[in-house]
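Student: Please take me closely through one part of this model, and explain each term when it first comes up.

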Amino acid sequence: MADHWVPQCYLRNFEISEGSEQVYTYERGRPTFPAGIKNVAAENNRHTFVNKETGEESREVEDMFTLLEGAAAPALQKIAQERVLRNLNGDEYGALLQFVAFLATRGPTFEQISRNFYKEAFKLEMETRAQHPEILRKDFEKAGVTFGSEEEFEEARKSLLDLDKLNFQITGGKGHFFKHAAETAMDITDIFLKEKGLFLLVSRDSRVFITSDNPVLLQVPPDVPYHLAGGYKYGTILLTISPQVCLIFRSRPLKKEIVEVDAPQVDYINNSIMKSAKRQIYSNLSSKGIKQRYDLTTSGEDSKVTSHKMRHTPYVFTQGPTKDKELPVIDRYSMRWEEIEAEIERNMAKQGTE
């Protein structure tokens with residue numbers, strides 16, 4: 001059974017024509033083709049898990065996602081059609097936040113990033129132990145590993161000093177990585193509720209937004225150090241929800257609920273989406289320009305994890321995929337910190353007189 005990590009109710013906002021149930025699908029190095037929405041961003045039994053108590057396959061996770069999608073679909077449709085946020089009621093707003101949070105973590109890209117972080121941590125741990133032969137020897141002894149000669153031990157030790165050459169992979173752990181994704185989604189939901197404001201970007205001309213098999217986008221705002229801004233807490237989060245409308249979650253408020261963007265600004269967001277895509281991007285139209293730009297992106301960048309040793313210290317800094325800077329025009333509408341403080345003081349004073 002095909003389980004979608006990008007929901008069909010979301011992808012329908014990008015269908016080629018109303019009721020067609022198809023989107024134009026782009027893959028790096030291949031011709032663009034129309035594909036059925038039911039056949040993209042899906043994997044057989046992705047959300048099927050084995051119940052540890054009964055030993056039977058369970059579809060509870062897929063049932064949970066079905067409920068989330070059903071609750072959020074009216075909000076997505078309302079925003080896409082009306083292009084305003086104020087018409088959402090409390091339940092719709094809450095469902096939308098939870099939908100976006102889980103959309104950010106439920107796909108293969110987030111899972112691969114998690115695996116790559118785990119792999120990088122394991123590699124650094126092994127390299128550190130390999131630098132101390134006496135510690136490594138004891139580890140091998142505890143594991144019951146013996147060597148026929150000192151040369152065999154030394155060969156094993158040297159191989160651990162350069163694990164990248166072995167091209168090892170982290171396999172298994174489906175349940176573990178899903179649990180991590182679900183916990184992260186709940187944390188993101190909390191961040192949305194407590195620390196982010198929701199705004200809209202609306203295309204003012206014929207240029208359209210695209211989406212992808214990794215649709216939730218992170219960009220780096222200008223007022224936050226880069227090493228902090230690549231995550232959900234401090235970063236700017238975007239999700240295109242139709243060819244004309246893009247949601248934006250931001251820590252520092254904007255002066256306008258709706259910001260109109262022109263063709264170069266739409267292209268900037270689309271280029272970020274292309275870089276973050278795992279394998280496919282989707283659109284309601286077939287475009288040579290989109291195709292040419294997507295072919296220039298590199299496969300694997302969506303989940304790349306790198307480590308850098310901090311100079312003159314024993315510490316190592318590990319970071320996930322590189323993020324683009326926030327769309328520059330957004331900062332033009334940002335409230336300055338002194339304006340935010342003044343607004344808070346006015347609200348407090350108003351509450352005190354009521």
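Tutor: Helices are DSSP runs of H or I with at least four residues, strands are DSSP runs of E with at least two, and both are numbered from the N terminus. The model is predicted, so local features are taken at pLDDT of at least 70 and side-chain atom pairs at pLDDT 80 or more, while totals for chains, interfaces and linings use all residues. Residues are numbered from 1 along each chain as its sequence is written, and side-chain values use heavy atoms, without hydrogens or water.

For orientation, the chain contains 12 helices and 15 strands, and its C-alpha atoms fill a box of roughly 75 × 50 × 50 Å along the principal axes. Of its 354 residues, 45% count as buried, a word that stands for under 20% relative accessible area (over 50% is exposed, and in between is partly exposed, with a 1.4 Å probe and protein chains only).

The part I would look at closely is an open sheet of 4 strands in the order E3-E2-E13-E8, with antiparallel pairing; two strands are said to pair if DSSP finds at least two bridges between them. Strand E3 (33-36) and strand E8 stand at the edges with a single partner strand each, and therefore one side of each lacks a neighbour in the sheet. Strand E2 (residues 22-27) pairs with E3 in the antiparallel sense over 4 bridges, and E2 also pairs with strand E13 (residues 280-283), again antiparallel and over 4 bridges. Thr25 shows both pairings, for its bridge partner in E3 is Phe33, while Tyr282 stands opposite Thr25 in E13. E2 and E3 form a hairpin with 5 residues between them, and Gly29 in that turn has a positive phi of about 80 degrees. Helix H10 (residues 288-295) lies across E2 and E13 and runs at about 40 degrees to E2; such angles run from 0 to 180 degrees between N-to-C directions, the axes being lines fitted to C-alpha atoms, for helices over the stretch in contact.

At the E8 edge, Thr211 belongs to the strand, which covers residues 211-212, and Thr211 is buried, with a relative accessible area of 0%. What is Thr211 in contact with, leaving aside its neighbours within four places in sequence? The list is Tyr10, Leu11, Phe14, Thr240, Ile273, Ile281 and Tyr282, where contact means heavy atoms within 4.5 Å. Phe14 lies 197 residues from Thr211 along the chain, yet their C-alpha atoms are separated by 8.0 Å. In the chain at large, 73% of contacts between residues at least 6 apart in sequence join residues at least 24 apart.

One of those contacts, Thr240, leads to a second sheet, since strand E10 spans residues 236-240. Here 5 strands form an open sheet in the order E9-E10-E11-E7-E12, and the pairing is mixed. Strand E9 (217-219) and strand E12 (258-261) stand at its edges with a single partner strand each, so one side of each has no neighbour in the sheet. From one strand to the next the twist averages 30 degrees. Strand E7 (residues 197-203) and E12 pair in the parallel sense over 4 bridges, with Leu201 opposite Val259 in E12. Helix H3 (residues 90-105) packs on this sheet, touching E7, E10 and strand E11 (245-250), and its direction makes about 90 degrees with that of E11.

H3 also brings us to the largest cavity, where H3 and helix H4 (108-130) each supply at least two lining residues. A cavity is a set of points on a 1 Å grid over the protein atoms alone where a 1.4 Å probe fits but cannot get out, and lining residues have an atom within 4 Å of a point. The structure holds 1 cavity of 30 Å³ or more, and the space in the largest cavity is about 50 Å³, a volume being the space filled by probe spheres set on the points, which are joined across faces, edges and corners. H4 gives the largest share of the lining, 3 residues, and the lining includes Leu103, Ala104, Asp213 and Asn214.

How values were computed
On a 1 Å grid over the protein atoms alone, a cavity is a set of points where a 1.4 Å probe fits but cannot get out, and a pocket is an open set with protein on both sides within 12 Å along at least five of seven lines; lining residues have an atom within 4 Å of a point.
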